[in-house]
Amino acid sequence: MQSTDQAVALPDPEPMFTRPAHPDAHHRVTAPGGYEWWYVDAESHDGRTHVVAILFDGYVFHPAYLRADARFRRQPTKVRPAIAADFPCAYCVVYRDGSIHRQFLTQVRPKDFEAATNRLHVRVGDCTLSGDGDQLRLAVSGTPWKLTAQGPKLIEDETLSVDLQLQVAAGLQPAVGTSNEPSDRERIFLSRAMTGEHHGWIPAAPRCAVEGTVAGEPFQGRAYHDHNYGTGPLGPGLRRWVWGRVFTDDRLVSFHLAEPADRALPAERHAFEATDAGFSDVPADELAADWSRRSKTGLPFPRTIRLGDRLQLSEPKVIDDSPFYLRVAYDAVVDGNERVRALCEVGHPHRLRWPVLGRMIEMSIDKRRLQG
């Protein structure tokens, strides 16, 4: 059943963001409930360390943001709309040997967020992601939290820091286009037919070499960077989704499978490949998942994922288990012979409407930067 939060028709959201000439620049989303995020994940050459960092203009999973948006949609003439600029956040998690080492989630004041509209430059408090040509730099730090019997608790005497230099593979830097026109790299993340909103997905730098420091230790490996934005929340109209990416020595394959809450609508499938020859779409009609496994928190996730003969994923291992979101590592076979590891993310955003879950998520957010 589709959320009643969508019962009130809002103005056409197309004018409520801008498309910059540089596809990785800020889209300045002003739509109620909108968001924009810049995502980086990196894995070490030995496969033992993974990093995921995301800078948010509007933390799309923030319970307070979702509550404020729901109030506005119920009473749009009486309630001020909540927008992305009200909830800037920075997130980072480090995995070691298949489990969480440290993670943080920090919310800052709106004035402590900045993003350029003509290039890649994003700052959320002390956390930045910037780029010049084929060189990107990610520098993030925050106070980690751990789960206790009383819920998430900050480890106030520790700091998690990540500082990485990314070298974008030749031929994969997104081309600068014309303002107000979609980039040739941009894809639809979730359709307007499913969600009632516009959701864009920009695989800006899908293959990078990376080196730097992670949690105080030297790091070398490879990395993936993309960029999403949308004119409304992710949850309404969406039942569940799985996204994944697979590195081999000479390519990256990424896919996205979203299932609608309305069973009369078709599932949405996307896939692409990034090689030294460039960026290209992959036919995704045969992308399918067997959702027969459940995590310890009760979330269904795929036992296997298959993209025709191009990609087969099996033997899942959950490395991050939250009540609404999972990260899962899989054994992957690419083109029938290359055997590697894949990183996937599974989302069930309807659970964010559960009050108890919302309180738990808010307890994990470091809000000390909101003071003063």
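A pocket here is an open set of grid points with protein on both sides within 12 Å along at least five of seven lines, and a residue belongs to the lining when it has an atom within 4 Å of a point. The structure is a predicted model, and the pocket is a good place to start looking around.

By that definition, the largest pocket comes out at a volume of about 970 Å³. Its lining takes in 36 residues, and those nearest the centre are Y91, Q103, W145, D320 and S322. Strand β4, which covers residues 99-107, supplies the largest share of this lining, with five residues. As for character, the lining of the largest pocket splits into 23 nonpolar residues, six polar ones and seven charged ones.

Then there is the outside of the protein. L147, V356, M360 and M363 come together in a nonpolar surface patch of about 370 Å². Helix α3, running over residues 355-363, brings the largest share of the patch, three residues. L147, for its part, sits in strand β9, residues 145-148. L147 counts as exposed because its relative accessibility is 60%, and the cut-off for that label is over 50%.

Another exposed spot turns up in a loop. D184 is found between β11 (160-168) and β12 (187-190). With a relative accessibility of 59%, D184 is therefore classed as exposed too. How far is D184 from P88, in sequence and in space? The two are 96 residues apart along the chain, and their C-alpha atoms are 28 Å apart in the model.

Key:
Residues are numbered from 1 along each chain as its sequence is written. This is a predicted model: local features need pLDDT of at least 70, side-chain atom pairs count only at pLDDT 80 or more; totals for chains, interfaces and linings use all residues. Side-chain values use heavy atoms; hydrogens and water are left out. Patches are made of residues with over 30% relative accessible area and no salt bridge: like charges are joined within 9 Å, nonpolar side chains (Val, Leu, Ile, Met, Phe, Trp, Tyr) within 5 Å. Accessible areas come from the Shrake-Rupley method with a 1.4 Å probe; for residues, only the protein chains shown count as cover. A salt bridge is a side-chain nitrogen of Lys or Arg within 4 Å of a carboxyl oxygen of Asp or Glu. Helices (H or I, at least four residues) and strands (E, at least two) are DSSP runs, numbered from the N terminus. Buried means under 20% relative accessible area, exposed over 50%, partly exposed in between (1.4 Å probe, protein chains only). On a 1 Å grid over the protein atoms alone, a cavity is a set of points where a 1.4 Å probe fits but cannot get out, and a pocket is an open set with protein on both sides within 12 Å along at least five of seven lines; lining residues have an atom within 4 Å of a point. Grid points are joined across faces, edges and corners, and a volume is the space filled by probe spheres set on the points. Ala, Val, Leu, Ile, Met, Phe, Trp, Tyr, Cys and Pro count as nonpolar, Asp, Glu, Lys and Arg as charged, and the others, Gly among them, as polar.
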